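I opened the notebook to look through one model, element by element. The entries follow the order in which I looked things up.

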Amino acid sequence: EGGDLYEYVSKVKQFTDLDAAKIMSEIFSAVSYLHSKGIVHRDLKPENIMLRGNSSMVPVIVDFGLATNVDLEKYLFFRCGTPGYVAPEII
């Protein structure tokens, strides 16, 4: 309903540090939960963070197509992700 984080940040007239902190806190909490379950997303980017509802800024992580289990070490360093968002050391 709320679109993705990239669209939201592009459209909003004022995006404060507090707004960013709230969203990032929720994202970090979700990533921590995934890691506690042994899952790595491997393609986190603003386009893969959806916002729940039109007026709320509750982020929801989507697109687990490149996700894998942490215990499969051979997949942890497999080169994948969106080229514009991949860390330089991976490229």
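Which residues form the covered face of E3, and which the uncovered one? I looked this up before anything else. Pro59 and Ile61 are on the covered face, and Val58 and Val60 are on the uncovered face. I note here that the model is predicted.

Entry: overall layout.
I counted three helices and four strands in the chain. In sequence order the pattern reads α-α-β-β-β-β-α. The chain has 91 residues, and 24% of them are buried. I then took the contacts between residues at least 6 apart in sequence, and 60% of these join residues at least 24 apart. The exposed area of the chain is about 6500 Å², with carbon and sulfur atoms supplying 57% of that area.

Entry: E2 and its pairing with E3.
I went from E3 to the strand it pairs with. E2 and E3 (residues 58-61) run antiparallel and are joined by four bridges. I looked up two partners by name. Leu51 has Pro59 as its bridge partner in E3, and Arg52 has Val58.
Which side chains of E2 are buried, and which are not? Ile49 and Leu51 point to one face and are buried. Met50 and Arg52 point to the other face and are not buried. I put the general rule beside this: in a regular strand, side chains alternate between the two faces of the sheet.
Set against the pairing, Leu51 is on the buried face of E2, and its partner Pro59 is on the covered face of E3. Arg52 is on the face of E2 that is not buried, and its partner Val58 is on the uncovered face of E3.

Entry: the nonpolar core.
Which residues make up the largest nonpolar core? I listed eight: Leu5, Ile23, Ile27, Val31, Leu34, Ile49, Leu51 and Ile61. Helix H2 (17-36) and strand E2 (49-52) are the elements that give two or more residues to this core. H2 has the largest share, with four residues.
I followed Leu5 separately. Leaving out residues up to four places away in sequence, Leu5 touches Ile23, Ile27, Pro46, Ile49 and Leu51.

Entry: Asp19.
I found Asp19 in helix H2. Is Asp19 buried or exposed? Its relative accessibility is 15%, so Asp19 counts as buried. Beyond residues up to four places away in sequence, Asp19 touches Gln14 and Met57. Asp19 and Met57 are 38 residues apart along the chain, and their C-alpha atoms are separated by 8.2 Å.

Entry: the salt bridge.
How many salt bridges does the structure hold? I found one. The side chains of Asp43 and Lys45 form it, at 3.9 Å from N to O. Side chains of opposite charge can pair when their charged atoms come close. I also checked the burial of the pair, and both Asp43 and Lys45 are buried.

Entry: Arg42.
Arg42 is in the loop between strand E1 (39-40) and E2. Its relative accessibility is 22%, so Arg42 counts as partly exposed. What lies 2.7 Å from a polar atom of the Arg42 side chain? I found the backbone oxygen of Leu66 there. I also looked up Thr68, which is 26 residues from Arg42 along the chain. The C-alpha atoms of Arg42 and Thr68 are separated by 7.9 Å.

Entry: positive phi.
I noted that Arg42 has a positive phi of about 70°, although Arg42 is not a glycine. Asp63 is also not a glycine and has a positive phi of about 60°. Where is Asp63? I placed Asp63 in the loop between E3 and strand E4 (68-69). Asp63 has a relative accessible area of 42% and is therefore partly exposed.

Technical notes
Residues numbered from 1 in each chain as written. Predicted model: local features only at pLDDT ≥ 70, side-chain atom pairs only at ≥ 80, totals over all residues. Heavy atoms only, no water. Buried < 20%, exposed > 50% of the residue type's maximum accessible area, 1.4 Å probe, protein only. Contact = heavy atoms within 4.5 Å. Areas by Shrake-Rupley, 256 points an atom, 1.4 Å probe, with all protein chains shown as cover. Salt bridge = Lys/Arg side-chain N within 4 Å of Asp/Glu carboxyl O. Core = buried A, V, L, I, M, F, W, Y, C linked by side-chain atoms within 4.5 Å. Pairing = 2+ DSSP bridges. Polar contact = N/O pair within 3.5 Å; in protein donor to acceptor, adjacent residues only side chain to side chain.
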